[in-house]
Structures are given as structure tokens and as C-alpha cells.
Amino acid sequence: MSKARKSVLCWAALSPFLIVVLFPYLTMLSTALKQKDEIFTFHRSWLPREFYLGNFVELFVDRNFGRALVNSLTISVGATLLSLAVAIPAAYALTRMRVPGNSALTNYLLITQMISPIVLIIGLFRMFAYFGLINSLMSVIIAHSAFFMAFAVWMLKSYFATIPKDLEEAAWIDGASRFSAFVRIFLPLCLPGVVVTAIFTFVNSWNEYAMSLTLLRDVSQQTAPVQIAFLTGTLYQIEWHLIMAATLIASVPVAVVFASIQRYLIGGMSLGGVK
Amino acid sequence: MASIDLVGVSKQFGALSILDDVNISIGDREFVVLVGPSGCGKSTLLRMIAGLEPISDGMIRIDGEVVNHLGPQKRDLAMVFQTYALYPHMTTAQNIGFPLKLRGSSPEQIERSVARVASTLHLETLLDRQPRALSGGQRQRVAMGRAMVREPRAFLFDEPLSNLDAKLRHHMRIELRQLHKSLRATSIYVTHDQIEAMTMADRIVVMNRGKVEQIGTPLELFDRPANTFVAGFLGSPTINFAKGRLSAGSKDVTFDDGIYPLALNGTSDIAAQDVIAGVRPQHIEIVATDVAPLKGTVMLVEHTGCETNVILTVGDCEWTVQTLNRHRLNQGEQVGLKFDPAHLHLFSASSQERIIW
């Protein structure tokens with residue numbers, strides 16, 4: 001079979017999935033660009049009557065969605081940085097050093113992933129209330145880091161294990177301290193793994209709803225997913241045009257994050273170093 | 001450059017003993033090869049010298065200074081790994097210059113040193129390439145360059161040629177040897193390849209199961225192996241062994257496997273005992289059956305081009321004879337075998353140690 005034909009067949013086989021992925025996005029885009037009276041009509045059209053940006057204006061000016069985005073961004077970036085700051089050394093220690101109870105600890109991390117955050121939410125609320133952190137973005141940053149850290153450690157650990165130990169040992173013999181070898185040799189090689197982990201943590205934190213809803217009581221502190229959920233729950237109507245505009249905007253940072261760091265995802269960085 | 005002394009060095013992993021009471025003294029500017037089968041502890045020993053592996057017992061001295069508790073950073077040794085361990089995200093020049101950068105040398109100084117090493121190793125045109133764009137032999141040379149650039153007290157090599165093809169290996173063997181001659185650097189070289197050991201070493205240390213079996217120059221070890229292990233390990237094809245009994249005063253050997261008795265010019269006062277006799281394939285001649293003290297039946301003839309290996313049954317043993325003559329022999333044919341008794345190695349059957357030096 002020729003390469004072109006194979007590729008056409010592969011695309012044909014994948015196209016149903018493409019529809020599944022694209023349909024919600026197109027609906028979102030189409031609805032976000034329509035005026036309120038255009039949404040529920042007998043003759044549905046994908047294209048809006050005119051290219052209408054009023055929904056976005058209303059969202060940012062009247063509903064203060066910009067603040068929700070900033071809150072979400074602060075929390076997601078904060079949670080990503082905090083969980084990486086802890087997970088990278090933890091994963092390094094678990095792969096490279098003799099840690100007593102290494103396997104028990106690793107399994108324990110996995111078990112924490114089996115508990116739904118919602119089960120712990122009352123406990124979390126009481127704890128943060130005790131420390132006076134309710135209505136503080138910091139509380140959500142800490143909670144998110146704690147929840148997503150176990151996954152980050154697991155993911156980094158499996159990536160770190162693929163980096164040949166010879167490289168660090170060579171650096172030590174060349175005169176590098178353990179820390180210097182870690183920073184100059186080990187981390188650059190782990191960058192793809194760190195980036196993937198960062199993306200996962202960021203996306204998880206960005207989309208998280210229950211904890212943000214519980215810990216941030218003030219409207220001014222709401223995150224984007226929480227504010228979108230509130231848009232569905234207004235008293236007399238569901239404002240689909242605003243919801244769709246908001247979800248469209250909310251999906252942009254994730255897409256930007258993916259696009260901007262995808263070059264790091266290309267593996268094979270360590271290719272050629274050994275053998 | 002430096003001398004390295006290992007005094008009673010041992011290594012245990014829990015109850016498992018990896019190295020047991022290793023004593024080796026390596027002189028300044030000497031090229032010592034540690035050789036032995038896989039798992040004999042030679043690489044572990046090298047890693048212990050490098051400081052990558054803690055030692056359980058004993059002492060490692062470099063230039064008289066005990067370095068047991070010094071980290072690999074502080075021993076001032078350079079090591080070339082089996083896997084080369086080049087930093088994949090750095091170019092050739094950055095790889096070679098890395099040790100100098102860590103020492104805080106100036107960029108100009110680093111550039112000068114890298115250029116000097118690169119010209120010695122013929123790497124001038126490859127300085128901007130990353131390891132992935134280099135061939136096996138080139139990577140090997142970059143790894144060498146990184147070791148050479150800071151003029152360490154000694155070089156450690158951990159099977160550096162084992163990932164190269166046979167031709168390149170032979171070439172690199174010569175290059176390494178020439179490099180050692182010009183640098184006059186103390187070197188410890190680990191390999192499982194006896195040809196590498198024989199051709200490169202000033203002295204060879206043969207190791208087996210965590211113990212040193214024998215230390216000596218290549219020819220000493222080949223001509224006077226201390227025990228059956230060393231005799232069997234060095235030399236290709238492998239030495240031929242036969243069980244037998246040595247008469248009192250070492251006058252003759254009677255073999256168990258139906259081989260004719262062999263007269264020896266016994267001069268020593270060694271008591272009669274069971275022995276293992278060994279003779280190298282290169283020391284046996286194929287002659288007419290009527291003039292030969294030994295007879296064998298041809299099983300297989302291998303022509304390698306230069307030499308011919310004849311595999312025969314002698315009594316109940318399987319022996320190999322290596323000869324430069326291209327004998328036309330048929331399977332099942334009887335041939336006579338002859339060798340100078342001076343080439344016979346006799347080992348005690350109980351201790352496996354050599355009994356006549």
C-alpha cells in the first residue's frame with residue numbers, strides 16, 4: 001500500500017473522532033457569535049446573521065468575566081509551579097536515591113488518587129477556615145497542588161527513570177556537585193517530562209470546580225468554571241449566548257499553553273547521549 | 001599523574017559479597033587492565049575507585065592519600081563510560097569543555113583547551129555537532145576528549161570499546177594505546193575482552209567471582225597462568241585441558257582419558273598427585289601417527305583464512321589445535337599430535353593452582 005493511500009485511510013478512520021472533537025467547539029463558536037434571539041429558531045444555521053461580538057463585551061463589561069479569568073490563571077499557574085517545585089525533587093529522590101519505604105510511599109501516592117476530592121471537601125473547608133484562608137486564592141492553590149502532586153510525582157518518576165544514570169555520574173566525575181549535575185544535566189534532559197506534567201497540572205487546575213466553589217465564597221474570587229456554572233443558574237433563563245462565549249474564552253488559555261510548549265513535548269532529547 | 005593502591009578492598013550488597021579482599025597496586029603512568037567474565041566485579045571495582053560506589057571494607061589510596069570518603073568530584077579522576085555518557089543537549093565542544101566550565105575556567109581558556117584536545121583526537125570539524133549526529137567512533141572520541149581536557153590524575157575506562165564494531169574496535173584500540181604513550185597517564189581499563197587486555201595492558205589483573213586470580217604482564221599470564229581459570233580465560237581458542245596423574249618427581253603424566261603417558265623432564269621433588277594438564281592450541285603440532293606420542297580423531301576443521309583450527313577428540317576430551325598449515329583432513333581421520341613438554345601447564349586437581357612454575 002502506498003504511503004499516501006495509507007495516510008488517507010488513516011484519516012478516514014479517524015474522521016468520526018474528529019467530528020466528536022470539533023462539533024462541540026463549532027457549536028460553541030457559532031453560538032457565541034450569535035445574538036440572543038438567533039439561538040432558538042426553527043431554521044438553524046451554523047453561520048450567525050452577522051459577526052456579533054456583543055456577547056463577549058457583555059461578558060467582560062457587565063459580568064466581570066475578566067476577573068474570573070485572572071483568578072483562574074493565578075490559581076492554575078500557582079498550583080502548577082507549587083506542585084512542580086515539590087514533585088520534581090520528590091520524583092528525583094524516589095528514582096535516584098535510597099529512600100526508606102520507597103515502594104510503600106509510591107503506592108500511597110497512587111491510593112490518594114483513588115479518593116474523590118469531593119469526599120474531603122468539608123474537611124478541607126474546615127481546615128482552611130481554621131487558617132483563615134477561605135476566600136483566598138492561596139487556599140485553592142494549596143489544595144490543587146496537594147491533589148495534583150501525586151499524579152505529577154508519578155508521571156515525573158516514570159520519566160526520570162528513563163534518563164541514564166551514567167550521565168549524572170559522568171557529571172559528578174567531571175567535578176559537578178549533586179545539585180549542579182541535577183540542574184545542568186538532569187533537568188534539561190527531563191524538560192519534556194516536566195512540561196507534560198506541567199500541562200496536565202495546569203489543565204486539571206484550570207478545569208477544577210468543586211474545590212474552587214467551596215473555598216472561594218466571594219463573587220470577586222470566583223474562577224472561570226465556577227462563574228460559567230453560575231451563568232446557567234440565573235433565575236429565569238439560561239443565557240446560552242454568554243455561556244458559549246465564556247466557555248470559548250475559557251478554553252483559549254489551555255490551547256495557548258499546549259501550542260506554546262508543544263516543541264518541548266518532542267521527545268528524543270536524550271537520544272545519542274548514550275550508546 | 002598518580003599511583004593508585006587498593007588495599008583489602010571489599011564490597012558487599014547485604015549478604016552478597018561482590019568483591020573480596022582485593023589488593024592491587026598501580027604504578028604511576030601504568031596502563032592496567034582489569035579483565036574477567038561478566039559479573040566478576042571488575043566494573044564495580046572501577047566504580048569504587050571513581051567514587052561512584054561506596055566501599056564496604058579496605059582502603060583506596062591515590063598518590064598515598066586515602067580517598068575512601070571523598071566524592072567522585074574530589075578525586076580528580078576522569079572516566080570514560082561504556083555508554084560514553086555524553087550530555088545529549090550539548091555540542092561536542094560543550095561536552096569537552098564541561099569539566100573546565102565547572103572549574104570556573106574563562107571562556108577563552110576553555111576554547112583553547114577544547115581546540116587542543118579536538119586536534120589531538122581529530123574532532124575539529126565536529127565541534128558544533130550534538131552527540132546524536134555523531135557516529136559510534138566519534139562519540140567515543142568525544143568521551144575521550146572530555147576525559148583528557150582537564151589533565152586528571154588518572155583515567156578510568158569502563159569497557160569503552162564494547163559498543164563498537166570489530167574493525168573500529170581494533171582501530172580505537174591502537175589509538176588508545178598511542179594516546180596513552182603520548183599522555184603517559186595512569187590508566188585503569190576494564191574489559192571482558194581478552195584480546196583488548198592482552199594488546200593494551202602493561203599489566204593485567206584477571207578477576208573472577210570478586211577475587212583477583214592473577215596479576216602480571218600479558219605474556220607472564222599467557223605463559224605462566226597461576227590457575228586453571230587464568231589459563232582458560234586468556235588465549236583463543238581456549239587452552240586444552242585433560243585430567244591425569246603426575247608421577248613422583250614429575251617424571252611423567254598418565255592421563256585418565258586414555259591418552260598415552262607423557263614423559264616429562266622432571267627435576268622437582270613434587271609428590272605424586274592428580275593433576276589437570278593444559279596445553280595451548282597453538283603449541284600442538286599435527287604429525288604422522290607413527291611418530292606421535294598422542295593421537296586424536298578429527299571432528300571438525302575450521303579455516304579462518306590465516307589459521308586453521310582442528311577440533312579433535314583426544315581420549316575422551318575435546319581439544320583444539322591451531323596451525324598455520326592448511327591440513328586437508330577428513331572427519332573421523334586419526335592424526336598424531338606432538339608438543340614440547342615445556343609448553344605443558346600442570347595444575348593441582350584439588351586446588352586448581354599451578355604446581356610447576
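**Group meeting talk: two chains, helix by helix and strand by strand**

Let's start in chain A, where helices α3(A) and α8(A) cross in a right-handed way. Before I go on, please keep in mind that this is a predicted model.

So, a bit more on that pair. Helix α3 covers residues 65–96 of chain A and helix α8 covers residues 178–207, and they pack with their axes 9 Å apart at an angle of about 140°. Where does that angle put α3(A) and α8(A) relative to each other? They are oblique, because only angles over 145 degrees would count as roughly antiparallel. If you want to find the contact on the screen, α3(A) brings a run of residues including S72(A), I75(A), A79(A), L84(A) and Y92(A). On the other side, α8(A) offers residues among them F182(A), V194(A), A198(A), F202(A) and W206(A). By class, the residues of this contact come out as ten nonpolar and seven polar, with no charged ones.

Now a second helix pair in chain A. Helix α4 (residues 102–112) and helix α6 (residues 137–160) have axes that come within 8 Å and cross at roughly 135°. That makes α4(A) oblique to α6(A) too. Which hand does the crossing of α4(A) and α6(A) have? This one is left-handed. From α4(A) the contact uses L109(A), L110(A) and T112(A), and from α6(A) it uses A150(A), V153(A) and W154(A). Sorted by class, that gives five nonpolar residues, one polar and no charged.

One last stop in chain A: R126(A). You'll find R126(A) in helix α5, residues 117–130 of chain A. Is R126(A) buried or exposed? R126(A) is exposed, because it has just 10 other C-beta atoms within 10 Å, and 12 or fewer counts as exposed. Have a look at L215(A) as well: R126(A) and L215(A) are 89 residues apart in sequence, yet their C-alpha atoms are 9.7 Å apart in space.

On to chain B. Chain B has eight helices and 20 strands. Its C-alpha atoms fill a box of roughly 80 × 45 × 35 Å along the principal axes. Out of 357 residues in chain B, 40% count as buried. And if you take the contacts in chain B between residues at least 6 apart in sequence, 64% of them join residues at least 24 apart.

Let me zoom in on one sheet there. Five strands of chain B make an open sheet, ordered β15-β19-β16-β17-β18, with antiparallel pairing. Which strands stand at the edges? Those are β15 (285–287) and β18 (317–323) of chain B; each has a single partner strand, so one side of each is left without a neighbour in the sheet. On average, neighbouring strands in this sheet are turned by 50° against each other, ignoring direction. Inside the sheet, four bridges join β16 (residues 294–303) to β19 (residues 334–338) of chain B, and the two run antiparallel. For a landmark, K295(B) stands opposite G336(B) in β19(B).

Finally, where the two chains meet. The contact takes 24 residues from chain B and 22 from chain A. On the chain B side, the elements giving two or more residues are β6 (77–80) and α2 (92–102). That side of chain B divides into 16 nonpolar, five polar and three charged residues.

That's my tour, and I'm happy to go back to any part of it.

Notes:
Residues numbered from 1 in each chain as written. Chains lettered and ligands numbered in written order. Predicted model: local features only at pLDDT ≥ 70, side-chain atom pairs only at ≥ 80, totals over all residues. Buried ≥ 20, exposed ≤ 12 C-beta atoms within 10 Å, placed from the backbone. Contact = placed C-beta atoms within 7 Å. Pairing = 2+ DSSP bridges. Axes fitted to C-alpha atoms, helices over the stretch in contact; angles between N-to-C directions. Parallel < 35°, antiparallel > 145°, perpendicular 65-115°, else oblique. Left-handed = near helix turned anticlockwise from the far one by under 90°. Nonpolar A, V, L, I, M, F, W, Y, C, P; charged D, E, K, R; others polar.
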